[in-house]
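Here is a short briefing on one protein model. Keep the sequence and the 3D view open as you read.

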Amino acid sequence: MSDAPAPSGAIGAYVPLLDGPEKVTGAAKYTADFLAPDALCGRILRSPSSHAEIVKLDVAAARRLPGVKAVVTGADCATPFGVLPIAMNEFPLARERVRYRGEPLAAVAALDEATAVRALGLIELELKALPAYYTADEARAPEATDLHAERPGNIERDVVYELGQVERGFAKAALVREASYRCAEVYQVQTETHAALADYDALRDRLAVHCTTQVPFYVHLMLARCLAMDKARIRVIKPHIGGGFGARTETLNVELICALLARAAGGKVRLVTSREETFITHRGRPEQAVTLKIGMAKDGRVLAVDCETVQRGGAYSGYGIVTILYAGSLLNAIYAIDNVRYHGTRVLTNTPPCGAMRGHGTVNVRFAFEALLDTMAAELGLDPFAVRRANLLRAPTRTANDLLVNSYGLPECLDRVEQASGWQARKRKLGQGRGLGMACSHYVSGASKPVHWTGEPHATVNLKLDFDGSIVLLTGAPEIGQGSSTVLAQIAAEVLGVALARIRVVAGDSELTPKDNGAYSSRVTVMVGNATVAAAENLKRRLAAAAARALDCAPEDIEIEGETFRASSQDQGLDFDEVVTAALKEAGTITVSGNYSTPPEAQGGKAYRGATVGSTVAFSYAAQVVEVSVDEETGQVTVEKVWVAHDCGKALNRLAVEGQVQGSVWMGMGQALSEETGYFQGLPLAANMLDYRVPTIAESPPIEVQIVESNDPLGPFGAKEAGEGSLAGFLPALANAVVDAIGLRVTELPLTPDRVLRALDRQRRAREREAARAARQKT
């Protein structure tokens with residue numbers, strides 16, 4: 001587990017991202033940058049009501065307006081879409097009923113923006129209001145109207161299970177504590193707003209769509225479904241993308257509406273949403289309440305856990321079923337816990353749909369868990385690090401819910417941040433208003449089973465070798481800023497022993513690249529990386545065979561040293577270009593494939609319904625210490641420094657790993673300190689980058705990253721995920737640091753100054769009441 005530097009370009013080195021020059025010079029083209037002169041301007045009419053029946057939607061006047069080429073409504077698409085085959089209940093344009101404020105009702109395509117906006121104003125709309133529910137409690141009330149007939153009681157999914165003997169565990173515990181926590185709904189705030197460019201060829205009945213997505217394959221499927229088109233007639237291209245963070249891990253209405261308009265117009269339509277519209281499309285992390293009960297032994301071992309959580313999921317299913325299952329399944333796989341009871345409820349409400357935000361499903365429950373661990377550690381007089389160490393797993397192992405853990409770098413992560421932060425010397429010694437807090441977290445390295453099961457490999461990579469000696473790596477895995485294309489090129493170069501400059505990556509174009517499930521659940525490095533290893537090994541065998549023919553020896557006698565091929569009995573060899581020429585003699589251009597599927601042992605078990613959610617090839621682990629200062633006069637919490645250690649298995653690109661870990665911590669800081677959506681009668685209160693408080697560089701502290709390498713046997717060169725696992729640990733580490741600083745335990749996020757001041761006031765009043773009670777007892 002060494003931090004020693006590696007040669008430039010090699011596995012384990014600091015390698016600049018391949019698309020860096022285009023991005024920093026402004027040459028990179030994003031979807032909205034495709035300004036085709038013949039493209040029509042698309043615009044969407046959105047619902048002014050949170051919940052209503054559509055009584056009248058008359059678009060005749062809009063259609064008659066000169067310059068308008070197409071108008072579409074819910075009548076133009078009777079097929080619902082969604083990310084999960086068992087939960088497709090959203091339409092591109094609302095039909096019969098609207099379920100959240102801002103839901104698309106109609107769309108127009110016109111020669112210019114002014115005409116499109118004018119056409120929207122000509123649409124006659126009449127709605128009949130229905131009861132609207134903005135909280136999970138309101139939507140679950142016995143008298144509440146069902147948002148969807150197939151979801152009685154507005155319950156998207158109710159998950160109940162028990163592992164081990166929970167009550168027996170509580171009975172054995174030296175300390176049992178229960179607490180409730182609440183986390184506000186948050187949003188990704190990716191830099192680029194949603195956009196699509198759809199080009200419909202009416203003569204050939206073909207459709208090409210450029211769009212801002214993390215999952216081109218899923219967009220392809222939903223385009224075919226909603227437009228009732230043969231998949232073979234559709235092409236999906238993902239250009240450069242300005243952030244995703246889970247907001248784009250499912251097909252969005254923007255892509256579908258743009259395609260419907262293009263087909264109706266018989267041409268090309270460009271649809272770029274505003275910042276407010278992007279917020280309304282949402283797919284952020286749900287508002288969530290967590291009630292957690294833990295039983296702990298005197299030495300800090302966790303003997304039993306009982307977790308009940310409720311998520312406000314918004315108006316449609318989206319990833320909801322998966323999210324509520326993740327929240328329970330990943331109580332395990334970080335600590336050795338045998339007795340777990342879980343009750344998770346995902347509730348449908350008249351708010352924009354939530355989705356799979358970075359750290360999907362785990363963040364809010366991990367906040368509650370790590371915060372309660374610290375509370376109990378204090379009561380038992382135990383150091384927080386000692387409590388975590390008392391509950392460490394021993395890999396390889398399987399958890400109580402049958403999750404496979406082959407590698408486990410959490411012990412070293414704990415050691416690293418404890419030492420780097422000076423924990424033992426500084427904890428509880430920084431003076432009033434300043435404190436340290438710690439916490440741990442983990443995450444999956446790809447979901448073990450794809451959302452749309454087709455029986456195909458989970459990942460496929462093609463390598464094309466041509467006369468010029470270049471190697472083109474073709475992958476459907478979308479590069480979304482996480483550095484995946486660079487890592488795949490590094491892997492191919494490492495296996496083949498060639499210079500990184502020989503590798504070119506073409507990604508995310510269904511006409512050119514093999515199908516891939518997409519960039520979500522931190523799957524690309526492990527799954528597509530393993531497919532790249534397989535493809536490179538196949539190509540290496542082809543080259544070795546060609547060299548053997550040219551050198552008149554057996555393929556197994558070929559020795560490959562970098563880009564030189566030698567027969568073991570000869571000193572003189574062939575260089576790479578000579579071997580390429582020999583290899584192309586028989587069949588010309590060479591294309592080889594490599595595939596990867598999750599091995600059966602990593603696909604989870606049947607401990608309860610939905611138990612496969614949470615299963616993965618490998619788990620990443622992280623520990624972090626956060627130092628804060630708290631102004632008790634203003635309630636302002638300031639993060640002074642963060643120390644984080646992340647077990648990524650093997651850092652294939654140390655530059656990318658450090659950047660991803662820093663980004664995870666920073667995103668966790670936003671949720672912990674300032675970020676929250678808010679609604680007034682369904683209207684977003686902070687649907688812009690001024691009112692929605694994302695931390696700026698002024699609030700960003702030094703983040704010291706330490707890389708831990710546990711070398712997972714199932715990862716490419718031992719690698720695991722690096723982009724999500726560190727996020728969840730920041731929230732409780734911050735809350736725990738506030739306790740150390742001012743003795744205040746805040747159980748609601750974000751820790752905005754007003755919340756801190758209210759909590760301080762409650763604490764002061766409670767102390768006054770206790771003092772008065774003590775005084776009365778004395779008299």
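Two residues are in contact when heavy atoms of theirs lie within 4.5 Å. That cut-off stands behind every packing statement below, starting with helix α3, whose buried residues pack against β1 (40–46), α2 (60–64), β3 (68–73) and β5 (104–110). Bear in mind that this is a predicted model.

**Helix α3: two faces**

- Helix α3 covers residues 113–122, and its buried residues are Thr115, Ala116, Ala119 and Leu120.
- These four sit on the same side of α3, because they cover an arc of only 140° around the axis.
- A general rule helps here: an α-helix has 3.6 residues a turn, so residues three or four places apart point the same way.
- Which exposed residues does the face turned away from the buried side of α3 carry? They are Ala114, Arg118 and Gly121.
- The start of α3 has a contact of its own: a side-chain oxygen of Asp112 comes to within 3.3 Å of the backbone nitrogen of Ala114.

**Leu45: a partner of α3 in strand β1**

- Leu45 belongs to strand β1, one of the elements that the buried residues of α3 pack against.
- Leu45 counts as buried because its relative accessible area is 15%, and buried means under 20%.
- Leaving aside neighbours within four places in sequence, Leu45 is in contact with Leu57, Glu103, Pro104, Leu105, Ala106, Leu120 and Ile123.
- One of these, Leu120, is also among the buried residues of α3.
- How far apart in space are Leu45 and Leu105, C-alpha to C-alpha? The distance is 5.6 Å, although 60 residues separate them in sequence.

**Ile503 and Val625: two more buried strand residues**

- Ile503 is part of strand β21, which runs over residues 503–507.
- Is Ile503 buried or exposed? Ile503 is buried, because its relative accessibility is 6%.
- Not counting residues up to four places away in sequence, Ile503 touches Ile471, Leu473, Ala489, Ala492, Ala493 and Val498.
- Ile503 and Glu704 are 201 residues apart along the chain, and their C-alpha atoms are separated by 32 Å.
- Val625 lies in strand β26, residues 619–631.
- Val625 is buried, because its relative accessible area is 0%.
- Outside its neighbours within four places in sequence, the contacts of Val625 include Phe385, Val417, Trp423, Leu436, Met438 and Trp643.
- The C-alpha atoms of Val625 and Lys172 are 31 Å apart, with these positions 453 residues apart along the chain.

**Helix α10 and the loop before it**

- Asp374 sits in helix α10, residues 363–380.
- Asp374 has a charged side chain by class, and at 9% relative accessibility Asp374 counts as buried.
- Which residues is Asp374 in contact with, leaving aside neighbours within four places in sequence? They are Pro384, Arg388, Met438, Asn736 and Arg745.
- Met438 is also in contact with Val625.
- Thr362 is found in the loop between β15 (340–348) and α10.
- Thr362 is buried, because its relative accessible area is 7%.
- The side chain of Thr362 reaches the backbone oxygen of Gly359 at 2.9 Å.
- Thr362 also touches Leu330, Tyr443 and Ala728, not counting residues up to four places away in sequence.

**Pockets and cavities**

- The second largest pocket holds about 510 Å³ of space.
- It is lined by 26 residues, and those closest to its centre are Leu84, Val322, Pro450, Thr612 and Val613.
- Which helix gives the largest share of this pocket's lining? That is α9 (residues 320–329), with four residues.
- The lining of the second largest pocket has 15 nonpolar, eight polar and three charged residues.
- How many cavities of 30 Å³ or more does the structure hold? There are four.
- The largest cavity has about 60 Å³ of space.
- Its lining residues include Phe279, Ile280, His282, Thr677, Gly678 and Tyr679.
- Pro684, Leu685, Ala686 and Ala687 are also among the residues that line the largest cavity.
- By class, the lining of the largest cavity has seven nonpolar residues, three polar ones and no charged ones.

Definitions and conventions: Residues are numbered from 1 along each chain as its sequence is written. This is a predicted model: local features need pLDDT of at least 70, side-chain atom pairs count only at pLDDT 80 or more; totals for chains, interfaces and linings use all residues. Side-chain values use heavy atoms; hydrogens and water are left out. On a 1 Å grid over the protein atoms alone, a cavity is a set of points where a 1.4 Å probe fits but cannot get out, and a pocket is an open set with protein on both sides within 12 Å along at least five of seven lines; lining residues have an atom within 4 Å of a point. Grid points are joined across faces, edges and corners, and a volume is the space filled by probe spheres set on the points. Buried means under 20% relative accessible area, exposed over 50%, partly exposed in between (1.4 Å probe, protein chains only). The arc is that of the directions from the helix axis to the C-beta atoms. A polar contact is a pair of N or O atoms within 3.5 Å; within protein, one must be able to donate a hydrogen and the other to accept it, and residues adjacent in sequence count only if both atoms are side-chain atoms.
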